[in-house]
Structures are given as C-alpha cells and as structure tokens.
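Colleague: Hi, have you got a moment to walk me through this structure? I'd like to ask a few quick things as we go.

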Amino acid sequence: MVVNEQYIGLGIVYVGGRDVGNVSKLDFAIETEQKTKPSFRPGGGNVASSERVKSVKLAATLDSFNNENLALALRGNVEIKGSKTVTDEVVVAVMPGLIETKETVDASKVVVVKTADDATTYVKGTDFEVTAAGIKTLSTGAIVDGASLKVTYETLAVSALEALVNSGEEVRMVFDGINDETGKASVVKVYRWKPAPTSGLSLIGNDYGEFDLEGECLADDAITDTGKSKFFRREAA
C-alpha cells in the first residue's frame with residue numbers, strides 16, 4: 001500500500017546534547033561519485049554503472065546569538081567571567097571619544113575617573129559618560145586628550161568568547177522533530193558532524209540576526225552492522 005504523507009518539519013536541534021535554540025533551516029546535501037564502464041559494442045552506452053557516496057553535508061541556520069552557539073560557528077572558546085571591582089586601571093584619554101577599558105563595565109554602578117596623580121576627580125555627565133565598553137569622554141568636559149587617567153569600576157558578569165582559536169570539533173547532532181502536518185515524531189541522529197567556521201556574521205542590521213553553519217557528516221567506522229548507516233539515521237512514527 002502506498003501512503004502519501006506530506007511533511008512540514010519543526011523541532012529542536014541538539015548539538016552535543018545542548019539545545020541550540022531556534023533553527024530555521026536544517027538541510028542535508030549528499031554528493032555522489034559515479035563510475036561507469038562503457039560498452040564498446042555496437043550501440044554504445046554503458047555495460048555497468050555504480051555510484052558511491054562522496055560526501056554528506058549538513059547545513060543549519062541558527063538565530064540564537066548566545067556565545068555557545070557562536071563558539072560552534074567561530075571555533076571559539078567560552079569563558080564565564082564573574083563580576084569584580086577594578087581599581088585604578090590606568091588608561092589614556094581620547095578626547096572626545098571612547099576610552100576602552102580592559103573589562104566590560106557595569107554602567108549601572110558607580111564609576112570613578114581621576115587624573116593619574118589623584119589631584120582631579122572628573123564628574124559623570126559633565127566630563128564623561130559610561131558605556132559597557134568603557135568611558136565616553138565629552139567634548140564640553142575637562143578631560144584632556146592624551147592624559148593619563150585612573151578608572152575604578154565594577155565589571156559585568158559576562159560570557160566571553162575567544163573566536164577562531166580551535167581546530168574543527170566533531171559533534172553529535174540530534175533533531176528531535178515532528179511532522180507538523182501529521183503530528184508524528186521525526187527524529188534524526190547525526191553521529192559525527194564537523195562544522196566549518198561560518199562564512200559571515202552580521203552584527204548590525206534592520207532584521208533579526210541569524211548565521212549559517214555548514215559541515216561534513218563524517219562516517220562513523222564504529223558502526224559495522226550490515227544495513228546500518230555510518231552517517232545518520234531517521235526514525236519516524
């Protein structure tokens with residue numbers, strides 16, 4: 001009996017057991033290599049033909065911009081940094097402009113900016129403003145360009161990503177999905193996925209951001225049973 005089952009895919013994507021958030025695209029691309037044996041008898045054509053799998057690739061589009069996802073896309077490391085007090089960090093004034101601090105500033109807390117000799121303490125709102133990236137000097141203030149200053153501030157508790165410091169990582173991908181047309185379960189398990197660094201990452205735009213991951217699904221040679229895929233398996237109710 002032929003069953004006509006239409007498919008609208010929805011679901012949750014797990015990479016290494018971690019829910020990566022909303023994924024708007026999850027596509028396989030399978031490339032094959034054909035081998036043929038030509039016939040040299042009258043009529044031509046081939047007497048034999050075979051195709052073998054050359055590569056299996058998986059592409060995903062993610063729109064959850066947490067650093068764990070970006071580390072996957074940028075082959076990075078993630079460090080969780082707690083809040084702390086930075087006392088008398090020495091900086092050089094840029095006037096007017098941004099004086100970048102070493103750590104991310106908690107702009108909701110008190111920030112003290114003074115000269116290196118402690119003789120002058122500058123006034124927030126008159127001489128400077130505070131942003132997460134540092135101290136923004138004001139053209140109408142008393143801070144002098146190139147002056148050596150000391151800054152005391154509280155840091156934000158942040159997740160810090162160091163991009164492009166790792167080689168490629170193999171991960172297991174599980175799609176815990178459903179066919180929205182039928183409500184039936186559709187689960188796909190990819191054994192060894194090796195994403196390449198994303199080709200681009202947009203930080204400013206007029207629409208919700210997203211980024212693409214594409215990588216090869218490598219053969220899992222630990223799977224030796226006859227009739228079992230070394231690449232991925234789909235289970236559908």
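**A walk through the model**

Modeller: Happy to. At 34% relative accessibility, phenylalanine 65 counts as partly exposed. Keep in mind that this is a predicted model.

Colleague: Okay, and where does phenylalanine 65 sit?

Modeller: Phenylalanine 65 is in the loop between strand 4 and helix 1 (67–74).

Colleague: Which residues make up the nonpolar surface patch?

Modeller: Phe65, Leu201, Leu203 and Ile204 make that patch, which covers about 450 Å².

Colleague: Switching to charges. How many salt bridges does a search of the whole structure find?

Modeller: The search finds 11 salt bridges. One of them joins aspartate 88 and lysine 114, at 3.6 Å from N to O. Aspartate 88 belongs to strand 6 (residues 85–92) and lysine 114 to strand 8 (residues 112–115), so this pair ties together parts that are 26 residues apart in sequence.

Colleague: Are aspartate 88 and lysine 114 buried or exposed?

Modeller: They fall into two classes. Aspartate 88 is partly exposed, with a relative accessible area of 30%. Lysine 114 has 18% relative accessibility, and because the cut-off for buried is under 20%, it counts as buried.

Colleague: Can you give me another pair?

Modeller: Sure, aspartate 221 forms a salt bridge with lysine 230, where the closest N and O atoms are 3.9 Å apart. Aspartate 221 is exposed, with a relative accessible area of 59%, while lysine 230 is partly exposed at 28%.

Colleague: Which residues are joined into one network by salt bridges that share partners?

Modeller: Asp88, Lys114, Asp118 and Lys150 are joined that way.

Colleague: Any pair involving glutamate 33? What does it bridge to?

Modeller: Glutamate 33 pairs with arginine 52, and their closest N and O atoms are 3.9 Å apart. This links distant parts of the chain, with glutamate 33 in strand 3 (residues 23–38) and arginine 52 in strand 4 (residues 46–62), 19 residues apart. Glutamate 33 itself is partly exposed, at 29% relative accessibility.

Colleague: Back to Asp118 from that network. What's its backbone like?

Modeller: Aspartate 118 has a positive phi of about 65 degrees although it is not a glycine. You'll find aspartate 118 in the loop between strand 8 and strand 9, where it is partly exposed with a relative accessible area of 41%.

Colleague: Which other residue has a positive phi without being a glycine?

Modeller: Leucine 164 has one, with a phi of about 60 degrees. Leucine 164 lies in the loop between strand 12 (158–162) and strand 13, and it counts as exposed at 59% relative accessibility.

Colleague: And where is there a cis peptide bond?

Modeller: The bond from methionine 95 to proline 96 is cis, with omega near -15 degrees. Proline 96 is in the loop between strand 6 and strand 7 (98–100).

Colleague: I'm curious about threonine 120 too. Where is it, and what does it touch?

Modeller: Threonine 120 is in the loop between strand 8 and strand 9 (128–131). Leaving out residues up to four places away in sequence, threonine 120 touches Val113, Lys114 and Thr115. Threonine 120 counts as partly exposed, at 34% relative accessibility.

Colleague: How far is threonine 120 from proline 96?

Modeller: Threonine 120 and proline 96 are 18 Å apart in space, C-alpha to C-alpha, and 24 residues apart in sequence.

Colleague: New topic, pockets. What's the volume of the largest one, and what lines it?

Modeller: The largest pocket has a volume of about 300 Å³. Its lining has 17 residues, and Tyr7, Gly9, Leu10, Leu26 and Phe175 lie nearest its centre.

Colleague: Which strand gives the most to that lining?

Modeller: Strand 3 does, with five residues. Strand 1 (9–15), strand 13 (171–179), strand 14 (184–196) and strand 16 (232–236) are also among those that each supply at least two residues.

Colleague: Last one: how many cavities of 30 Å³ or more are there?

Modeller: The search finds one, with a volume of about 30 Å³. Lining this cavity are Val13, Val15, Val20, Ala60, Leu62, Leu72, Trp193 and Leu213. Strand 1 and strand 4 each supply at least two residues of that lining.

Colleague: Great, thanks for the tour!

Notes:
Residues numbered from 1 in each chain as written. Predicted model: local features only at pLDDT ≥ 70, side-chain atom pairs only at ≥ 80, totals over all residues. Heavy atoms only, no water. Salt bridge = Lys/Arg side-chain N within 4 Å of Asp/Glu carboxyl O. Helix = DSSP H or I, 4+ residues; strand = E, 2+ residues; numbered from the N terminus. Buried < 20%, exposed > 50% of the residue type's maximum accessible area, 1.4 Å probe, protein only. Patch = residues over 30% accessible without salt bridge, like charges linked within 9 Å, V, L, I, M, F, W, Y side chains within 5 Å. Areas by Shrake-Rupley, 256 points an atom, 1.4 Å probe, with all protein chains shown as cover. Contact = heavy atoms within 4.5 Å. 1 Å grid on protein atoms, 1.4 Å probe; cavity = no way out; pocket = protein on both sides within 12 Å on 5 of 7 lines; lining within 4 Å. Points joined across faces, edges and corners; volume = space filled by probe spheres on them.
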